[in-house]
Structure formats: C-alpha cells, structure tokens
Amino acid sequence: MSQGVITMKAGMVPLTTLTFDSSDIDAIRSVLSQRQAEAPALFRNMPCVLDLTGLEAAMLTLESLVGLCREHGLLPVGVRNVSSDWADQVNMISLADFGKGSSKSNRGTATVEAAASVDTNTPATESAQTQPQAESTSEPVSSEPKVSEQELPQRSVKVHSGNVRSGQQVYTDGDLVVLGMVSAGAEVLATGDVHIYGALRGRALAGVKGDLTAVIACQQFDAELVAVAGQYRLFEDDHPHRGQAVAVQLKDDNLNITSV
C-alpha cells in the first residue's frame, strides 16, 4: 500500500457563524433572502456554523433550517451551543458539534455574521468623500452644479478608531478605514474598499455586494482570510507576503496580492 496518499493536518479554518433571535422560519427566510440579494457572491457555497442558542426546537426542525440555508447558497457544516432539545436532531442529520461558544444578542430576526451585519457597539465616524470641483472656465457661472459624465458614484467612508478585537465585526456600506489592528478571529467588511492602518490578522472582505474594483490594503499582512467581491483566499501556511504591506484586488477574476 502506497504511503502519503492522505495527509491529515490540524488547522484553524475560519467559518461564518449564523446566530438567530427568532425561531420563526418565515422570518429567517426573509432575512436570508435579503442578505443574499445584498451580497450574492458571498452566499455561493459558503460554509457556516449554526448557533442554536436563540432557537426553540418546538417551533422548527434542524432539518428545515439546514434546508433553508442551502436554498440560499449556504453550506451548514456544523452547530454549536447544542442543548438536550437539539441533540437527537444533530445526530440524525450528521452535523459536526463545535461545542459551546459565546452568543451575542443581535438586533433583527437572523444575523448572518459574515455577510452584512453591523456592529452597533463599535465607535466610528462617517463622512462622505469630497466631490471633485469643476474647473473654472470663461463660461458664465451657472447656479446649477456641473457633474462630469466620468465622475464615479460617491461612497461614504466609515472610520474605526482603534483595534478590532477577536470576535468583533465591523461592517459598512461604503469604504472602511481601520486605524488599528484587526485581530485574529475578528472580521471587517465593506461594500467598497477596506484600508487597515495596522496589522491584518483576522478576516477582511471588500466589495461584499459585488464591487469588482474594491481593494483591501493593510500595513502588515497576516490574514486568516481575504475576499473581494466573493473571491476569497484562506491562509494557513507561510506565504511570501506575510508581514508585508500589501494591496489585494481582483485581476482577471483572480485574487491578486501585491506588496506596496
């Protein structure tokens, strides 16, 4: 028998966790549909873990919940915080048990943590990007502002001052600037660019609503995962860019990481 056909290697693979504030299957379906519409690329065969803390076994079955997730492009691979009410169902459909874990209460019916949830406890300031001014000409001044046909749509900017701690998530609809480190186990997401003025040791996702031009930039690269417009890459081993200042962007539909 040949040796080395299979290699088993322990490693920490980051997974998205879904937490729920309601056991109403129709309400959960509604939220998942909304989140899938906002970020379809992220909901394409995305592995996830279901946190059962906020769910009541008397109101829905685990099989129906797993089926609902699969309908929306999610791939549940396991569960956590399994009470005695859920134990038989977990064994029946053969999901991995990830044990106990802290479960933070979130607003809304269901929270898809890696898609579009907003950390309302994160201090941040938001401002709009400055609009380019039209060049002065000899033409009479008009009371209406001039808008260039080549002008790009305006995007808001959210600035997070300080480190993003493990287990914390920061999201914005626009560009995100982090004035600090993104710790291992932390996650930052933006529909536009993500700029990190510090070390990236957790997960960074840019262009989560499908913006192919989005960029991730950081001063020290040691990420668990980076993604642009749904194209993602996991990091477990050493790689040439570790510890360097890098920019991550899509090029020819591939995730390109370059030192800056």
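A residue is called exposed here when its relative accessible area is over 50%, and buried when that value is under 20%. Keep those two cut-offs in mind as we walk through this predicted model.

Let's start with the chain as a whole. Its secondary structure comes to three helices and 17 strands. Of its 260 residues, 42% are buried. Among the contacts between residues at least 6 apart in sequence, 46% join residues at least 24 apart.

Helix H1 is a good place to put the cut-offs to work. On one side of H1, Asp26 and Ala37 are exposed. Ile28, Val31, Leu32 and Arg35, by contrast, are buried. These four buried residues cover an arc of only 100° around the axis, so they sit on the same side of H1. The helix has 14 residues, and from its first C-alpha to its last it reaches 20 Å, close to the 20 Å expected at 1.5 Å a residue. Look also at the start of H1: there a side-chain oxygen of Asp24 comes to within 3.0 Å of the backbone nitrogen of Asp26.

From the helix we can move to the interior. The largest nonpolar core has 29 residues, and Leu50, Leu52 and Leu62 are those with the most contacts inside it. Several elements each supply at least two residues of this core: strands E1 (16–20), E2 (46–51), E3 (74–80) and E14 (225–228), together with helices H1 (25–38), H2 (62–71) and H3 (84–92). The most comes from H2, which gives five residues. To see what surrounds one member, pick Leu50: leaving aside neighbours within four places in sequence, Leu50 is in contact with Leu18, Phe20, Leu62, Leu65, Val66, Cys69, Pro76, Gly78, Val79 and Arg80. Apart from this core lies another, of 27 residues, and Ala206, Val226, Val228 and Val246 are among them.

Last come the aromatic rings. With ring centres required to lie within 6.5 Å, the count comes to one aromatic pair. That pair is formed by Phe221 and Phe235, edge-to-face, at 5.2 Å centre to centre and with 90° between the planes. Phe221 belongs to strand E13 (residues 215–221), while Phe235 lies in the loop between strand E15 (231–234) and strand E16 (246–251), so the pair ties together parts that are 14 residues apart in sequence. By the cut-off we began with, both partners are buried: Phe221 has a relative accessible area of 0%, and Phe235 has one of 10%.

Key:
Residues are numbered from 1 along each chain as its sequence is written. This is a predicted model: local features need pLDDT of at least 70, side-chain atom pairs count only at pLDDT 80 or more; totals for chains, interfaces and linings use all residues. Side-chain values use heavy atoms; hydrogens and water are left out. A nonpolar core is a set of buried Ala, Val, Leu, Ile, Met, Phe, Trp, Tyr and Cys residues joined through side-chain atoms within 4.5 Å. Buried means under 20% relative accessible area, exposed over 50%, partly exposed in between (1.4 Å probe, protein chains only). Contact means heavy atoms within 4.5 Å. The expected span of a helix is 1.5 Å times one less than its number of residues. The arc is that of the directions from the helix axis to the C-beta atoms. A polar contact is a pair of N or O atoms within 3.5 Å; within protein, one must be able to donate a hydrogen and the other to accept it, and residues adjacent in sequence count only if both atoms are side-chain atoms. Rings of Phe, Tyr and Trp (its six-membered ring) pair if their centres lie within 6.5 Å; planes under 30 degrees apart count as stacked, over 60 as edge-to-face and the rest as tilted.
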